[in-house]
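Thanks for sharing this one. Here are my notes, written to be read with the model open beside them.

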Amino acid sequence: MADKRHYMGGAFVIFKADKRQALWNRVQGKTGAPPPKGLAKEKAEWLKSGLVGRVKFLKGEEKLRHALLKDFREEE
């Protein structure tokens, strides 16, 4: 997950099958974006802009901690 092109950490995807499939369909063919600043994992694939995620996480840290992807939508 990134915010304003800065790496924030990873998040678990816990959607039911239909919503997980909708996310998968959305990201197909959208890889290839340059990695954000502060990237910790070199092998990660980054998506091109256009998708916004709502993430639940423990506050008080610079990076995401125990994060869950709760929802996603197209960027406005």
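Where is Lys59 found? I take that up in the first point below.

1. **Lys59.** This residue is found in the loop between β4 and β5. Please keep in mind here, and throughout, that the model is a predicted one. Lys59 is exposed, and its relative accessible area is 72%; the cut-off for that word is over 50%. If you want a long distance to display, take the one from Lys59 to Pro34: the two residues are 25 positions apart along the chain, and their C-alpha atoms are separated by 27 Å.

2. **Leu58, in the β4-β5 loop.** Leu58 also has its place in the loop between β4 and β5. Its relative accessible area is 39%, so Leu58 counts as partly exposed. Once neighbours within four places in sequence are set aside, Leu58 is in contact with Arg65 and His66. From Leu58 to Leu68 the C-alpha distance is 9.9 Å, with the two positions 10 residues apart in sequence numbering.

3. **His66 and its phi angle.** One of the contacts of Leu58, His66, deserves a look of its own. His66 is found in the loop between β4 and β5, and its phi is near 55 degrees, a positive value in a residue other than glycine. Most residues other than glycine have a negative phi. As for its surroundings, His66 is exposed, with a relative accessible area of 58%.

4. **Arg5, a second positive phi.** Arg5 is not a glycine either, and its phi is positive at about 65 degrees. You will find Arg5 in the loop between β1 and β2, the latter being residues 6-7. Is Arg5 buried or exposed? The answer lies between the two: Arg5 is partly exposed, at a relative accessible area of 45%. I would show Arg5 and His66 together in a figure, as both have a positive phi.

5. **Overall fold.** The protein chain has one helix and five strands. Read from the N terminus, their order is β-β-β-α-β-β. The radius of gyration is 12 Å, close to the 11 Å that the globule rule gives for 76 residues, so the chain is as compact as a globular protein of that length. Along the principal axes, the C-alpha atoms fill a box of roughly 30 × 25 × 25 Å.

6. **Burial, surface and contacts.** Of the 76 residues, 18% count as buried. The accessible surface comes to about 6200 Å², and carbon and sulfur atoms hold 52% of that area. Among contacts with a separation of 6 or more, 50% are between residues 24 or more positions apart.

7. **Lys19 as an example of a long-range contact.** Lys19 lies in helix α1. Beyond its neighbours within four places in sequence, Lys19 is in contact with Asp71 and Phe72. Lys19 and Asp71 are 52 residues apart in sequence, yet their C-alpha atoms are 9.0 Å apart in space. With a relative accessible area of 30%, Lys19 is partly exposed.

8. **Leu39, between the helix and β4.** Leu39 lies in the loop between α1 and β4. Leaving out neighbours within four places in sequence, its contacts are Tyr7 and Trp46. Leu39 counts as partly exposed, at 25% relative accessibility, where the limit for a buried residue is under 20%. Its C-alpha atom is separated by 25 Å from that of Asn25, 14 residues away along the chain.

9. **The largest pocket.** What volume does the largest pocket hold? The space in it is about 1400 Å³. It is lined by 38 residues, and those closest to its centre are Met1, Ala2, Trp46, Leu47 and Leu51. Two or more lining residues come from each of β1 (2-3), α1 (17-27), β4 (51-56) and β5 (68-74). Sorted by class, the lining has 23 nonpolar, seven polar and eight charged residues. Trp46 makes a handy link back to the previous point, being in contact with Leu39.

Key. Residues numbered from 1 in each chain as written. Predicted model: local features only at pLDDT ≥ 70, side-chain atom pairs only at ≥ 80, totals over all residues. Heavy atoms only, no water. 1 Å grid on protein atoms, 1.4 Å probe; cavity = no way out; pocket = protein on both sides within 12 Å on 5 of 7 lines; lining within 4 Å. Points joined across faces, edges and corners; volume = space filled by probe spheres on them. Helix = DSSP H or I, 4+ residues; strand = E, 2+ residues; numbered from the N terminus. Nonpolar A, V, L, I, M, F, W, Y, C, P; charged D, E, K, R; others polar. Buried < 20%, exposed > 50% of the residue type's maximum accessible area, 1.4 Å probe, protein only. Rg over C-alpha atoms; globule rule 2.2 N^0.38 Å. Contact = heavy atoms within 4.5 Å. Areas by Shrake-Rupley, 256 points an atom, 1.4 Å probe, with all protein chains shown as cover.
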